[in-house]
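Me: I'd like a close look at the salt bridges in this one, please. Take me through the pairs, say where each partner sits and how covered it is, and then add a few other spots for context.

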Amino acid sequence: MAQPDTKKFFENLSGAGKSIAVLTSGGDAQGMNAAVRAVVRMGIYVGAKVYFIHEGYQGMVDGGDNIEEASWESVSSMLQVGGTVIGSARCKEFRCHEGRLKAAHHLVQRGITNLCVIGGDGSLTGANLFREEWSGLLEELIQQGTIDEEAAQTHSELHIVGMVGSIDNDFCGTDMTIGTDSALHRIIEVVDAIMTTAQSHQRTFVLEVMGRHCGYLALVSALACGADWVLIPEMPPGDGWEDQMCQKLSENRADKKRLNIIIVAEGAIDSYNKPITTDYIKDLVVKCLGFDTRVTILGHVQRGGTPSAFDRILASRMGVEAVLALLEASPTTPACVVSLCGNQAVRLPLMECVQMTQEVQKAMDEKKFEEAVRLRGRSFENNLNTYKLLSYRKADSELPNSTFNVAVLNVGAPAAGMNAAVRSAVRVGITEGHKMFAVNDGFEGFYKGQIKEIKWGDVGGWTGQGGSILGTKRTLPAKHTEKIAEQMRIHNINALLVIGGFEAFECLLQLYEARASHQEFCIPMCMLPATISNNVPGTDLSIGADTSLNAIVETCDRIKQSASGTKRRVFIIETMGGYCGYLASVGGLAAGADAVYIYEEPFDIRDLQSNVEHLTEKMKTSIQRGLVLRNENCNENFTTDFIYQLYSEEGRGVFDCRKNVLGHMQQGGAPSPFDRNFGTKIAAKAIQWISRKLKESYKEGKVFTNSEDTACLLGMRRRAMVFQPVVQLRDETDFVHRIPKEQWWLKLRPLMKILAKYKTSYDVSDSGQLEHVTRIRPKESDTSAI
């Protein structure tokens with residue numbers, strides 16, 4: 001089939017004759033190795049030579065063995081390793097002209113004119129300066145007689161692409177930097193562990209997290225664990241904050257809460273730029289309230305450990321994008337940074353990002369804190385606004401006067417993060433002045449009348465709980481519309497928030513259709529996607545999918561490690577997901593799978609045969625272990641057992657096989673920081689939408705609306721959060737297999753194949769285009785990003 005002209009494939013982008021060097025610099029971050037691996041494999045794939053530069057800029061200055069050619073096998077098994085395998089160092093020598101001259105000489109010696117730098121803003125600024133000086137440095141080398149004119153001519157252009165590796169997420173222009181999500185995992189693991197001991201003794205814990213100049217880690221971990229108080233450099237507390245904090249802590253205790261958590265960024269300051277230390281807070285709480293208080297400083301634990309699934313995928317996507325950016329670079333293109341905006345890869349001019357990052361610091365030094373928050377970007381600003389909404393409980397007299405009743409329920413299978421969404425919805429609803437009702441056991445509980453009012457304190461401590469506390473069932477409302485309408489009359493329900501998976505989508509469609517016969521359903525209704533399968537139309541991501549991916553990746557790591565020291569072994573692993581191949585494909589990308597079988601990409605016996613042969617060839621080299629993932633419904637005849645037996649037979653003499661069915665462990669466990677945060681933010685957004693729609697549809701003493709745009713799904717589409725009428729999503733859905741007809745993550749499949757050494761066609765029309773950093777944004781609309 002001929003490809004449409006709109007697509008451009010990177011077969012036209014050849015790296016033949018080019019040399020790319022990759023280095024990690026500055027503080028290490030989990031996921032750097034995944035980025036290095038992706039740069040090396042993509043570089044080799046396009047025909048370029050790829051070099052490691054060990055020990056960051058120091059290795060470039062010292063030359064010699066520090067600059068070493070990389071092979072395909074040399075990056076095997078590094079995906080799951082934290083830190084950076086090729087080493088990182090802070091280099092004083094590179095800061096002076098002499099050092100950069102030596103570095104230029106060492107690169108020219110090896111024919112390197114493409115540099116991929118993974119580090120923070122300091123490392124990237126250094127790279128940009130190096131590029132600006134490049135022609136001058138070559139001139140000097142000619143004068144010294146170190147290189148000749150011809151070499152200078154051949155290497156006249158130095159191209160630079162940066163990837164931001166920093167756990168602080170302190171770089172403007174990018175929503176997430178490599179390492180941030182893993183650092184949040186470490187923090188949340190500690191907070192969850194501390195909560196159990198704090199509860200036992202009714203203690204207050206003061207936690208210090210990293211972030212000298214940026215409060216992102218403190219802010220998001222406070223959101224993700226429901227901390228009582230957070231202190232960050234971008235939002236110094238006003239005068240009298242000590243009394244306010246102590247009052248809030250004692251109110252929470254009076255509300256039957258047995259513990260308090262206070263999170264402090266290491267760079268926290270008051271409005272006079274005076275540091276606020278953990279010891280100061282501890283002494284304050286002890287003196288004012290007499291609470292038993294302990295301090296925990298997390299320190300370098302946050303930098304350590306294995307990278308999360310999100311960081312592995314982010315780094316792999318960015319690594320491939322960086323190589324494409326280098327191949328497309330011309331003398332006129334500025335040095336760029338590849339990053340993620342929402343779920344979309346973007347390229348931004350490196351110095352624009354650096355200048356904006358420096359402007360944040362300048363604004364903070366000048367005490368322009370609101371300006372600093374705005375410059376940090378929309379992701380930071382939205383986190384901060386959500387935290388403010390949820391953290392402060394207004395007195396009843398302060399609440400807006402609303403007479404609306406809003407019901408919240410879970411539908412379908414449990415997904416980690418559902419409870420965080422319910423907590424957020426309840427608290428934001430109360431703040432908006434509504435009466436919130438919780439429905440137990442989905443629509444089954446609804447028609448049986450299991451509906452009761454839910455208060456602010458009832459949802460305390462819910463963010464970290466897995467599963468569904470409200471209870472959830474797969475029952476659809478169509479057969480019970482009479483009874484459900486009756487319950488809505490009894491409780492006077494004016495709006496509905498449904499949190500769940502594909503069933504929730506079907507429920508909302510059925511309720512929309514029931515509006516014709518029951519005016520009780522002529523109210524604002526909103527659905528939040530929450531399912532590990534990530535198979536709901538209208539959204540790129542669902543609550544619960546990230547937790548599940550982490551469970552898959554963690555298990556794959558362990559399974560692979562179980563074979564270390566034994567002979568060559570291939571593991572066949574079955575994942576959940578119904579007919580949706582998201583978990584298998586994206587899990588495969590994060591775990592470094594050799595092949596992934598899914599329903600959306602049909603395969604036959606010839607494909608299986610070629611996969612086995614491909615893996616057999618690979619296992620004849622120094623590669624010891626193979627990983628094959630299979631989605632549970634990818635093919636009714638090529639079962640997990642069949643594939644296991646096929647690989648066992650065909651691989652005889654080269655490798656042996658083992659099989660694993662991961663089962664329900666993919667559905668359990670505490671929600672990941674991403675799912676807690678995602679659930680919290682989209683639920684808050686949904687309730688604000690419901691409030692607007694209630695005001696618009698309230699006429700003559702009652703709520704009535706039957707328009708399409710009041711029965712919506714709130715989903716993340718590329719860069720934005722969008723409310724979409726469920727009726728309009730009907731045509732985008734394959735109801736037989738319960739999947740959307742188009743799925744964005746299928747574009748990641750070729751990337752996974754390239755990293756597993758397959759020749760494939762990779763559509764680069766969706767890769768990042770060079771954009772500029774936006775400063776002044778329009779007022780927040782329904783489509784603003786989370």
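Reply: Let's start with E328, which counts as partly exposed because its relative accessible area is 28% (under 20% is buried, over 50% exposed, in between partly exposed; 1.4 Å probe, protein chains only). Keep in mind that this is a predicted model, with pLDDT of at least 70 needed for local features and 80 or more for side-chain atom pairs, while totals for chains, interfaces and linings use all residues. Residues are numbered from 1 along each chain as its sequence is written, and side-chain values use heavy atoms, without hydrogens or water.

The partner of E328 is R347: the two form a salt bridge with their closest N and O atoms 2.9 Å apart (a Lys or Arg side-chain nitrogen within 4 Å of an Asp or Glu carboxyl oxygen). This pair joins distant parts of the chain, with R347 in strand 11 and E328 in helix 10, 19 residues apart (DSSP runs numbered from the N terminus: H or I of at least four residues for helices, E of at least two for strands).

R347 has another acidic partner, E321, and their side chains meet in a salt bridge at 2.9 Å, N to O. Again distant parts are linked: E321 is in helix 10 and R347 in strand 11, which covers residues 344-349, and the two are 26 residues apart. So what about cover? R347 is buried, with a relative accessible area of 7%, and E321 is buried too, at 4%. Picture R347, then, reaching from strand 11 to E321 in helix 10, while its other partner, E328, is partly exposed.

Now for the wider tally: the count for this model comes to 35 salt bridges. One that you may want to click on joins the side chains of K757 and E73, at 3.7 Å, N to O. K757 lies in the segment after helix 24 (749-755) and E73 in the loop between strand 3 and helix 3, so this pair ties together parts that are 684 residues apart in sequence. For K757 the relative accessible area is 36%, so partly exposed is the label, and E73 gets that label at 25%.

There's also a network to look up: R474, E503, E506 and R738 are linked by salt bridges.

A few spots away from those pairs, for context. Q302 sits in the loop between strand 9 (293-297) and helix 10 (309-328). This glutamine is buried, with a relative accessibility of 0%, and a polar atom of its side chain lies 2.9 Å from the backbone oxygen of G299.

In helix 14 (residues 418-431) you'll find A425, which is buried as well, at 0% relative accessible area. Between the C-alpha atoms of A425 and S250 there are 24 Å of space, and 175 residues separate the two in sequence.

Last stop is I454, in the loop between strand 14 (451-453) and strand 15 (472-473). Its relative accessibility is 7%, so it counts as buried. From I454 to S71, C-alpha to C-alpha, the distance is 59 Å, with their positions 383 residues apart along the chain.

Definitions and conventions. Polar contact = N/O pair within 3.5 Å; in protein donor to acceptor, adjacent residues only side chain to side chain.
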